[in-house]
Amino acid sequence: MKIVECVPNFSEGRRPEVVDAIVAAGTAVPGVTLLGKEADRDHNRAVVTIVGAPEAVSEAAFRMTAEARKRIDLTSHQGAHPRMGATDVIPFIPIKDVTMEECVELAKRLGERIGRELGIPVFYYAEAAARPERVRLPDIRAGEFEGLRERIGKDETRTPDAGPHAIHPTAGCTAVGARFFLVAYNVNLATKDVNVAKDIAKHIRESGYKIVKKLPDGTQTEEKVKGLFAKLQANGFELAERGLSQVSMNLLDYRTTSIEAVYAEIERRAKAAGVEIAESELVGLVPRDALISSVVERTKLAGFKSEQVV
């Protein structure tokens, strides 16, 4: 039996009744199983995980997107997490007897339907990206809802892959794609100073950061500094309600960069800044192998060899 996973993210984390209504719309589809539902008030965002047969999961994702369009108004939305849509992103992940290519086709069919029936512009990303510059979700989402509202329909580089060439006035736009398992992992620091989190994030993420150098003639130039970890996205956010700051991350391939390696580096840099780690958290589900790889990483740090772990 073919099984896919879908992890739609919604721009709502403060009204449980809205999140529940969105989830109910999707789980009403026969053959769809809810694996997880998490909402964060500071981020004002909810992450939902469902699995099932490909067409059933696609139908569920569509119904949830339709419900989110009715209940979420981005013109009044505020939260720490970047967002461009009421339904911000819809990824499909192959689980059993399904190829990545099939998930790409599933994503494109759903994207066309969302654009046609709901009037929401859609960008394809990750393995479904139609353009190289749209592989990374942060590149698509740059400017967020407010910025994209001004650019879609006017800027050719922001022309959607499906749907209208104008942003939906309240539901924004949505990214739909196919990808490998993503581990959403946050490390919260015991400080209100968000600059500590931002500084750590820029040094560890693959995209790194830019520095400005002054040339002898008085002009300036930018130099790109690559981050420490491949396949890692990271940013720093303030968690105002908890009095903390957060290094928020997506591990795009835990086989390349492990949870353990990332945590250890954040801990080292935080201590150097005189800050303790308050807690860390997984958002949504994590593959068993991702945790095993972290255990193996820890045993290596302790002096054991990976073949000694059985």
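This passage describes a helix pair and a strand sheet with its covering helices in a predicted model. Residues are numbered from 1 along each chain as its sequence is written, and side-chain values use heavy atoms, with hydrogens and water left out. In this predicted model, local features need pLDDT of at least 70 and side-chain atom pairs count only at pLDDT 80 or more, whereas totals for chains, interfaces and linings use all residues.

Helix H2 (residues 54-71) packs with helix H3 (residues 100-118) at an angle of about 30°, their axes being 10 Å apart; helices (H or I, at least four residues) and strands (E, at least two) are DSSP runs numbered from the N terminus, while axes are lines fitted to C-alpha atoms, for helices over the stretch in contact, and angles run from 0 to 180 degrees between N-to-C directions. Among the residues that meet across this pair (contact means heavy atoms within 4.5 Å) are Phe62 and Arg69 in H2 and Leu110 and Arg113 in H3.

An open sheet of four strands follows the order S11-S12-S8-S13 with antiparallel pairing, where two strands pair if DSSP finds at least two bridges between them. Its edge strands, each pairing on one side only, are S11 (232-239) and S13 (277-283). Within the sheet, S8 (residues 183-189) and S12 (residues 244-251) pair in the antiparallel sense over seven bridges, and Tyr185 stands opposite Met249 in S12. Helix H6 (residues 194-204) packs on the sheet, touching S8, S11 and S12, and its direction makes about 180° with that of S11. Helix H7 (residues 259-272) lies across S8, S11, S12 and S13, running at about 20° to S8.
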